[in-house]
Amino acid sequence: MKKAVYLFIGIISLTLHAQQQNAKVSDDTYQNPIFAGDYPDPSIIRDGEDYYIVHSSFNYYPGLLIWTSKDLINWKPVTHALKKSVGSVWAPDLVKFNNKFYIYFPANETNYVVSADNINGPWSDPIDLKIGNIDPGHFADEKGNRYLYFSNGDYVPLSKDGLSVSGAGKHVYDGWKIPTEWSIECFCMEGPKVLKHGNYYYLTVAEGGTAGPATSHMVISARSKSPLGPWENSPYNPIIKTNDSLEKWWSKGHATLIDDASGKWWMVFHGYENGYYNMGRQTLLQPAEWTNDGWFKSPENIKTEEPIKKPAGKTTKSNFTLSDTFSGTELRPQWQFFDHYDAERFKITPSGITIKAKGNNIGNSSPLLCTPSDHSYTAEVEVEIEGNATAGLILFYDTKLYTGIAADSQNVLAILRSWQFPTQKGVNKKHLFLRLEKQQQLVNMFYSIDGKEWIKIENSAEVSSFNHNVLSGFMSLRLGLSSVGEGQVTFKNFIYKATN
């Protein structure tokens, strides 16, 4: 499939916004999150009146999906910047420098950069910077010299083109000391971001651990007259923090500070939702204000979970949907294969998307996944099975843990915590329909022969424990399609509906 991973604005119009899972708010306010579902480690820039954002994409490929917005609330996908698999992609940094775009990111125990002359691409193949550590943060001084900060408080110089490291690292920042009586996961300084405002450079980092206790993660600020330090910690630290496990948003941190087109300032960061840890870290937004003595802080009257006055900017509203008829010529941007993207493995035709079977179980089949943005929903799909393939409609955490419903040419199968077994034997159908109904953390499973009469199988799943605090890996519970074994499966009419 030619350039199947690309999305061009004007061909596909999708918008992701927080109202999918939140209570109704007034026309001049918004409700967090601005990205519902697993959108961690946001890195954002403003280019004139346009905002662009990218997130960690981990083992999902194509990766590094860039989004654009006019108002910081409503977002449309632009393109995936990473097609070649280089491992699990962690906290990226999106940069515009000298009219060129760059994304720096860690993966596979090194750091990479991809670049493009236009945000729409094409983006280059990843270049290995041959340096360890995580969470690279790009900045340039007033002479145009380029550097990367890393999570350990070191910086390294970059070449003028930004595509290689040009010297040894230097340690200049030790972070902000967290009181010993606080409940945190670890010191774990992460996500350094540098910007110039007035006479100072400001270094924003995360501390406290990205998971663990609800009160772990936090936003820390320091400033210096030089981008190379020494750094003075803010008297307002922590700028943002979850103070109690009763709050709606846990482990708030990893912020980027950004000004809007009208000159107001904002912090884009992430957090886990209380009761929905398995949705992953969701992207949040709240205002920042500058003090008379040159620091930034969160306004006193702002709470992350309450309605907040919208930023200035043009607004184009459109309901985002994961539903897909697979009737186009390209893979829509919400879909990603786990671990590896192979354009030769699938084909989109007027009949649907046909995926070649792979592996001997769902874990090693590289399923096609998307990110649900609701607490409760139904998902259903029509499948046609060829050869000795098994078709699945699944909730997938990682290669070792997944659940859902599947079918081969003989039986309907239940999948509970990776344990797969026939639950309805002798169905003997190669064309049928599969459905999952998720209500909060309970998942019920159905199949249909004609797409009208649905039969509930006896097996259900409880999925609240499918999360990082239990399983590690920083993954989330994603919704997907699997084609396992030998042969192929054609998926048609994928329908997703929020039910909360």
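**Note on the predicted model: sheet, aromatic contacts and internal space**

1. Y112 stands opposite D128 in β10. Y112 can be placed through strand β9, which spans residues 110–116 and is joined to β10 by two bridges, the two strands running antiparallel. The model under review is a predicted one, and the points below should be read accordingly.

2. The strands β9 and β10 belong to an open sheet of four strands, ordered β7-β8-β9-β10, with antiparallel pairing. β7 (93–97) and β10 (127–128) are the edge strands; each has a single partner strand, so one side of each is left without a neighbour in the sheet. In general, the strands of a sheet pair through backbone hydrogen bonds, in either a parallel or an antiparallel manner.

3. Aromatic pairs in the whole structure number 34. One of them joins F35 and W67 in an edge-to-face arrangement, with 5.2 Å centre to centre and 80° between the planes. This pair links distant parts of the chain: F35 lies in the loop between β1 (29–30) and β2 (43–47), W67 lies in strand β5 (residues 63–69), and the two are 32 residues apart. Both F35 and W67 are buried.

4. W67 also forms an edge-to-face aromatic pair with Y39, at 6.0 Å centre to centre and with 80° between the planes. Because Y39 is in the loop between β1 and β2 while W67 is in strand β5, the pair ties together parts that are 28 residues apart in sequence. Are Y39 and W67 buried or exposed? The relative accessible area of Y39 is 11%, so Y39 is buried. W67, at 3% relative accessibility, likewise counts as buried; the cut-off for this class is under 20%.

5. A further aromatic group deserves inspection. F139, Y147, Y149, Y155 and W231 form one aromatic cluster.

6. Two arginine side chains are placed over tryptophan rings. R223 has its charged end over the ring of W295, 3.9 Å from the ring's centre. R435 lies over the face of W454, at 4.2 Å from the ring centre.

7. S57 is found in the loop between β3 (50–54) and β4 (60–61). With a relative accessible area of 7%, S57 is buried. Apart from neighbours within four places in sequence, S57 is in contact with G63, L64 and V89.

8. The largest pocket has a volume of about 710 Å³. It is lined by 26 residues, of which I44, I45, V194, L195 and K196 are the closest to its centre. At least two lining residues are supplied by each of β2, β7, β11 (137–140), β15 (190–197), β16 (200–207) and β20 (249–259). Which strand gives the most to the lining of the largest pocket? That strand is β7, with five residues; β7 is also an edge strand of the open sheet described in point 2.

9. Cavities of 30 Å³ or more number two in the structure. The largest cavity has a volume of about 200 Å³. Its lining consists of 17 residues, and those closest to its centre are Y39, L65, Q336, T371 and R478. β5 provides the largest share of this lining, three residues. Y39 thus appears both in the lining of the largest cavity and in the aromatic pair with W67, whose strand is β5.

Terms used. Residues numbered from 1 in each chain as written. Predicted model: local features only at pLDDT ≥ 70, side-chain atom pairs only at ≥ 80, totals over all residues. Heavy atoms only, no water. Pairing = 2+ DSSP bridges. Phe/Tyr/Trp six-rings, centres within 6.5 Å; stacked < 30°, edge-to-face > 60°. Buried < 20%, exposed > 50% of the residue type's maximum accessible area, 1.4 Å probe, protein only. Lys NZ or Arg CZ within 6 Å of the ring centre and 35° of its normal. Contact = heavy atoms within 4.5 Å. 1 Å grid on protein atoms, 1.4 Å probe; cavity = no way out; pocket = protein on both sides within 12 Å on 5 of 7 lines; lining within 4 Å. Points joined across faces, edges and corners; volume = space filled by probe spheres on them.
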